[in-house]
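Work through the exercises below with the sequence and the 3D view open. Try each task before reading its solution.

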Amino acid sequence: RKERSMIPARRFIRQCRLAWNRTKVADSGGTEMTGGRLLTGSLAFHALLTKKILKPDAAYVGLLLPPSVGGVLANTALTLAGKVTINLNYTLTEDVVNYCIRQAGVKQVLTSRAFIEKRPMKLDAEFVYLEDLKQQITGMDKALAFAVAKLMPIGMLSRRLGLDQIKADDPFTVIFTSGSTGEPKGVVLSQHNIASNVDAVIELLRLTATDRLLGVLP
């Protein structure tokens, strides 16, 4: 069944469409997004990242963000861009985080100025601040992203983003262990790893539109 399973990015697009006017993500800072706003924002950030920000040869991109709407948006935008996300554990020491960056060959890290002020870190990578990205997205960019998110058929949108070229065994994300038994180890999770976890949650917990998931981990 693996090759017939829909990759997470395509599932994300479909679920945002189905929950267009329903709250999809929220955080303790008071920010909320419906499925429509989340998909629109992800596409707008995706366009900016791929055209102006991300290095063409950077397959792995780091993120240093708390569990928040901004963290979700950064992850979804990178995933739609076909990048492998590496959410760095900000509870680790600076040296350990830099070790993870070197091991994965990360050249750029998405973060926020507000977060860096609270948790200062000097990393061996270029910081890309979400606040700066938000200022670069114009009203026309938002309108175009909204039109694509709302009206473009999912199959056409997937091909436009290159999602139809992604295979089940392609890497989706990398999670580093805490390093409690030595140096942290990078665990590469494939598209199918994540998709099968989603399937397992659906079959076991049978989530409905009224259920909520609370995330607190880095």
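Helices (H or I, at least four residues) and strands (E, at least two) are DSSP runs, numbered from the N terminus. The model is predicted: local features need pLDDT of at least 70, side-chain atom pairs count only at pLDDT 80 or more, and totals for chains, interfaces and linings use all residues. Residues are numbered from 1 along each chain as its sequence is written, and side-chain values use heavy atoms, without hydrogens and water.

**Exercise 1.** Count the helices and strands in the chain, then judge its compactness.

Solution. The chain has nine helices and eight strands. Its radius of gyration, taken over C-alpha atoms, is 17 Å. The globule rule (2.2 Å times the number of residues to the power 0.38) gives 17 Å for 218 residues, so the chain is as compact as a globular protein of that length.

**Exercise 2.** Classify the ring pair of Trp 20 and Phe 146, and place both residues.

Solution. Rings of Phe, Tyr and Trp (its six-membered ring) pair if their centres lie within 6.5 Å; planes under 30 degrees apart are stacked, over 60 edge-to-face, the rest tilted. Here the centres are 5.8 Å apart and the planes at 65°, so the pair is edge-to-face. Trp 20 sits in the loop between helix 1 (8-18) and strand 1 (23-26), Phe 146 in helix 7 (residues 139-151), 126 residues apart.

**Exercise 3.** Are Trp 20 and Phe 146 buried, partly exposed or exposed?

Solution. Buried means under 20% relative accessible area, exposed over 50%, partly exposed in between (1.4 Å probe, protein chains only). Trp 20 has 11%, so Trp 20 is buried. Phe 146 has 44%, so Phe 146 is partly exposed.
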